[in-house]
Amino acid sequence: MPRRRNMSHLLYHIIDKKGNILLSSPRVLSTIGASGYALIPEEDHCSLYSVSDHRARALPTHVGGRPLVYSFDWTYPIEHTLIGHVLEKKTQGRQANFLSPEDTPAGMRATASVALDTHMDFLFEPLPLFIYPYKGEWTPARNHRHSLYLLDRRGITLRSFPKDWRLHHRRYNEEGNLAELIVYKCAEYDVYNLPLYHYDIREDTLRGPYREIGELREGLRLITDMQHNTYFVDADWHLVFSCARLQKKSPFYILSSCYHGCIAFFSGMKAGLLNKVGEVVLPPSYTDLHPIGDALWWYKKKGLYGIMHEDGRVLTPPQFMIMSSESYRHGLIAACDPHDKAGYIDREGNWIIKPAFDACYTFDHPHYTIARTLLPREKGAGGPPEKERCQKRNGA
């Protein structure tokens with residue numbers, strides 16, 4: 001969840017596929033998913049903005065006479081649910097809080113959560129839990145002591161986890177339903193060596209520990225055991241292939257999950273591609289490789305990125321800087337020019353939205369997305385000029 005800092009020198013924009021700015025806000029906007037909603041935190045309230053009718057609707061500010069503060073997960077667009085945290089005044093003594101001090105107004109603490117749909121109707125009354133936004137029928141939740149739960153859309157607890165389990169990661173399937181949870185046991189917690197467990201929702205079983213548990217894509221999942229051995233398993237956790245022979249070259253890393261039958265790896269200080277049975281289909285000869293989508297990959301040479309097909313056919317020469325977390329969606333992908341200005345290109349490397357921003361995000365919505373610019377600070381905002389400071393230090 002992004003922190004709600006008042007970063008007055010940042011400006012966030014909702015833009016269309018022509019680069020036109022529809023709305024600007026100095027505060028953090030959520031990403032825009034297929035539903036077309038974005039959350040806009042204001043000074044004293046939050047609004048829900050819809051790109052379908054270009055209207056912002058103020059969200060409820062109180063429930064049961066107590067104020068609400070809203071949160072969202074930047075990783076997942078707002079599709080079905082908004083989460084509001086119920087605040088009350090702090091009392092004497094140490095008290096646990098769901099949110100960080102920068103998310104919670106001074107002198108207040110979060111004591112419960114409510115869920116609203118995108119029509120602003122309450123799904124249930126306040127519960128003493130921190131709730132993650134719903135994408136389907138279930139969502140993870142935790143209480144003041146961080147104990148983990150699964151809730152349905154009525155706020156009813158479906159499953160209660162052992163008290164020493166903590167949520168590390170969650171994944172949703174294409175239908176938007178919660179598919180799996182990656183958890184860890186706080187009793188085994190080591191900041192440098194975190195053992196992860198896979199919780200199977202269907203069978204109510206725990207599998208692990210592992211050092212790394214990757215996302216299940218195209219029937220393959222990366223796992224790294226506690227001895228640093230790397231494997232790929234299928235959906236039933238049966239071994240598909242081991243990377244033992246590749247790991248003999250050091251350093252060795254898997255750089256991506258499986259995309260269009262290919263997996264990026266790093267070996268002998270270079271990056272290449274494996275197929276779904278562990279065979280090298282593109283020898284390691286690149287500085288870096290990142291999947292874009294639609295069988296396309298970023299490749300890096302001489303400090304810049306170009307676009308190539310998974311079979312090695314080059315579509316564009318190295319000429320871009322990238323934000324590696326972004327992907328090719330709805331015909332466009334975010335990229336930066338050598339001057340670090342961001343815009344959007346097509347699969348042939350043509351600038352469709354010219355690089356005029358400081359950061360751009362994935363087109364999860366077919367027609368709209370979020371971009372960000374850095375505003376010049378007002379004169380004197382950063383303190384006196386260096387020459388003036390030096391004169392004061394020297395007694396001038």
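# A tour of the predicted chain

Select strands S2, S1, S34 and S33 to begin: in that order they make an open sheet of 4 strands with antiparallel pairing. At the edges of this sheet are strand S2 (21-25) and strand S33 (359-360), each of which pairs on one side only. What you are viewing is a predicted model.

Stay with the sheet and select strand S1 (residues 10-16). S1 and S2 run antiparallel and are joined by 4 bridges. Now pick Ile14 and look across to S2, where Leu23 stands opposite. While a strand is on screen, it helps to know that in a regular strand the side chains alternate between the two faces of the sheet.

**The whole chain**

Zoom out and show the whole chain. How many helices and strands does the chain have? The secondary structure comes to 2 helices and 34 strands. The radius of gyration is 24 Å, and the globule rule gives 21 Å for 396 residues; the two are close, so the chain is as compact as a globular protein of that length. Turn the C-alpha trace along its principal axes and the spans are about 65 × 60 × 55 Å.

Switch on the surface. The chain exposes about 20200 Å², and carbon and sulfur atoms supply 50% of that area. Of the 396 residues, 48% are buried. Next, colour the side chains by charge: 49 are positive and 45 are negative. The centres of these two sets lie 6 Å apart. For contacts in the chain between residues at least 6 apart in sequence, 36% join residues at least 24 apart.

**Two hairpins**

Select strand S4 (residues 46-50) together with strand S5 (residues 55-58). These strands pair in the antiparallel sense over 4 bridges. Pick Tyr49, and you will find Ala56 of S5 opposite. S4 and S5 form a hairpin with 4 residues between them. In its turn, select His54, which has a positive phi of about 55 degrees.

Move on to S17 and S18, where the pairing is antiparallel over 4 bridges. Here Tyr199 stands opposite Leu206 in S18. This hairpin has 4 residues between the strands. Now select Asp204, in the loop between strand S17 (196-200) and S18. What is the phi of Asp204? The value is near 55 degrees, which is positive in a residue other than glycine. Is Asp204 buried, partly exposed or exposed? Asp204 has a relative accessible area of 46%, so this residue counts as partly exposed.

Most residues other than glycine have a negative phi, and most peptide bonds are trans. For a departure from the second pattern, go along to Pro209 in strand S18 (residues 205-210). The peptide bond from Gly208 to Pro209 is cis, with omega near 5 degrees.

**Another positive phi**

Select Asp294, in the loop between strand S27 (288-293) and strand S28 (296-301). Phi of Asp294 is near 55 degrees, a positive value in a residue that is not glycine. The relative accessibility of Asp294 is 38%, so Asp294 is partly exposed.

**A loop residue and a strand residue**

Where is Leu255? Look in the loop between strand S23 (252-254) and strand S24 (263-267). Leu255 is partly exposed, with a relative accessible area of 32%. Show its contacts, leaving aside neighbours within four places in sequence: they are Ala264, Phe265, Phe266, Ala271, Asp288 and Leu289. Then draw a line between the C-alpha atoms of Leu255 and Lys163. These residues are 92 residues apart along the chain, and the two atoms are separated by 33 Å.

The last stop is Gly84, in strand S8 (residues 81-89). Is Gly84 buried or exposed? The relative accessibility of Gly84 is 0%, so Gly84 counts as buried. Which residues is Gly84 in contact with, beyond its neighbours within four places in sequence? Select Leu68, Val69, Tyr70, Ala112, Ser113 and Val114 to see them. Finish by drawing the C-alpha to C-alpha line from Gly84 to Leu59: the distance is 9.6 Å in space, for two residues 25 residues apart in sequence.

Conventions: Residues are numbered from 1 along each chain as its sequence is written. This is a predicted model: local features need pLDDT of at least 70, side-chain atom pairs count only at pLDDT 80 or more; totals for chains, interfaces and linings use all residues. Side-chain values use heavy atoms; hydrogens and water are left out. The radius of gyration is taken over C-alpha atoms; the globule rule is 2.2 Å times the number of residues to the power 0.38. Buried means under 20% relative accessible area, exposed over 50%, partly exposed in between (1.4 Å probe, protein chains only). Contact means heavy atoms within 4.5 Å. Accessible areas come from the Shrake-Rupley method with a 1.4 Å probe; for residues, only the protein chains shown count as cover. Lys and Arg count as positive and Asp and Glu as negative; His and the chain ends are not counted. The place of a charge is taken as NZ of Lys, CZ of Arg, CG of Asp or CD of Glu. Two strands pair if DSSP finds at least two bridges between them.
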